[in-house]
2 protein chains.
Amino acid sequence: MVEKVLPKGEYTYDYERPALTVDLVIYTVKDNDLKILLIKRNSEPFKDMWAIPGGFVQNGETLEQAANRELFEETGVRDIYLEQLYTFGEPGRDPRGWVVTVAYIALISSDNLKLFASTDAQDVSWFSVYQKPTLAFDHEKILDYSLKRLRAKLDYTPVAFQLLPKKFTLTELQRIYEIILNKTLDKRNFRKKMLSLDIIKQTEEMKRDGNHRPARIYTFSERKFPVNYLS
Amino acid sequence: MVEKVLPKGEYTYDYERPALTVDLVIYTVKDNDLKILLIKRNSEPFKDMWAIPGGFVQNGETLEQAANRELFEETGVRDIYLEQLYTFGEPGRDPRGWVVTVAYIALISSDNLKLFASTDAQDVSWFSVYQKPTLAFDHEKILDYSLKRLRAKLDYTPVAFQLLPKKFTLTELQRIYEIILNKTLDKRNFRKKMLSLDIIKQTEEMKRDGNHRPARIYTFSERKFPVNYLS
DNA sequence: ATAATAGTGTCTGTGAGACAGTATTCT
DNA sequence: AGAATACTGTCTCACAGACACTATTAT
């Protein structure tokens, strides 16, 4: 604890400084489930426990660049949806010292996921948010918070599209909502709502799977969605 | 810029560390206007420019404690509404070096404001958000962002009550909304809405000012407001 | 024909927003 | 009586949510 008292409002540089990290809650929808990327720790503290990926912010980069860099290192994916969540700085959140972390949410679409293969030695894996190990540090708290935010944002921003390929059917879109909200939605009301929002565009293509009627394919067009106040 | 590359996922302590500050956008409603507290800088950089109050986070305290401490130092007020806004870490945002800041929004009610008198030598003053000097550092950006958030939150959380004394009339409450949103509201619709929300309680008291009908006094009771997902 | 999924329309209730006149107090 | 502010009710429209049947394809 620093005891020194400075004149009010005056900046100086001889205060003790925290280590600054970014941590990422990386979501995807896969196998009909909402999943997050976790990494198994191979050193103390919390050795052998799972944690969300993260790393130090370097001087000269923005926080967002640091988050993107970590994201790329862990997943091999670039240019995906990334949003600052919250900054956690509780003393004692890292037993080794003063570490403040800026947490981000990242969303990877299922087709980008195919690029993800180059995982090296480290133990990295996707877990269902509904069935996952207990996390290291304060990562449970970060995850809880991120999930609340993700669900809330579903209502008033087009984040769900970040989890789908460019082309998708309305049923696929509905599944994304259902999986994240963890409840079933009425098909007629859902379609009515989505079509009224004017953010998706019909294509002439149809998707045909099995022995049933083919589904029309749509594209995300992002026109008048109630705009997030963050933008 | 640190060049060293570490094994993925491994924490260490020999990275360069940023200075960490908290900055506060402190709002109040006063003289029929939305005001923020600004401090005139008395040293370089940005000497003689106005800035939002802030200061270093100390090891051993939470970010919120740091924000509360700064708040108390600047205003003499404790235990008021405080909310983390966003963390700003653009390289170059402070010309003297690497300084990351966690920005907070604070709301002071007009009656708490009366306690505020002990401002020492420093040049501290309330400015209308609609008529204020250009701010130092990236504080314009922080202010813009905070105002968007404050306005958005008015719609779905009872933050407005934080700016009023415990007892208030419906007209006073409406004025808070009008001043923050910078537009007039329909009196009948406003009252209908507020009363339907079940978050204010009628008292038996009346407020009588001038030569006109007295106004009923209400109290904030916080029952079923659409709950913020942050809570 | 059957199985499987895609696709569609109506009704009801609720809330938002537009809109104007009466009530009470003081001087 | 007049000035000033408090207080109130109705109508319309849009949206949310409940709800069930038809359409198309492959086998």
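**Exercises on the protein–DNA contacts**

A backbone N or O atom of A:Arg216 lies 2.7 Å from a phosphate oxygen of DNA strand C. This is a predicted model in which local features need pLDDT of at least 70, side-chain atom pairs count only at pLDDT 80 or more, and totals for chains, interfaces and linings use all residues. Residues are numbered from 1 along each chain as its sequence is written, chains are lettered from A and ligands numbered from 1 in the order in which they are written, and side-chain values use heavy atoms, leaving out hydrogens and water.

**Exercise 1.** Describe the protein surface near DNA strand C.

*Step 1.* DNA strand C is surrounded by 22 residues, each with a heavy atom within 4 Å of the strand. Among the closest are A:Arg188, A:His212 and B:Asn189.

*Step 2.* The side chain of B:Lys192 places an N or O atom 3.0 Å from a base oxygen of DNA strand C. For B:Arg213, a backbone N or O atom lies 3.0 Å from a base oxygen of this strand.

*Step 3.* By class, this surface has three nonpolar, seven polar and twelve charged residues; Asp, Glu, Lys and Arg count as charged, Ala, Val, Leu, Ile, Met, Phe, Trp, Tyr, Cys and Pro as nonpolar, and the others, Gly among them, as polar.

**Exercise 2.** Identify side-chain atoms that approach DNA strand D.

*Step 1.* Among the nearest of the 22 residues around DNA strand D are A:Asn189 and B:Arg191.

*Step 2.* On the bases, a polar side-chain atom of A:Asn189 lies 2.9 Å from a nitrogen, and a side-chain N or O atom of A:Lys192 is 3.0 Å from an oxygen.

*Step 3.* On the backbone of DNA strand D, a phosphate oxygen is 2.4 Å from a side-chain N or O atom of B:Arg191.

Notes. Polar contact = N/O pair within 3.5 Å; in protein donor to acceptor, adjacent residues only side chain to side chain.
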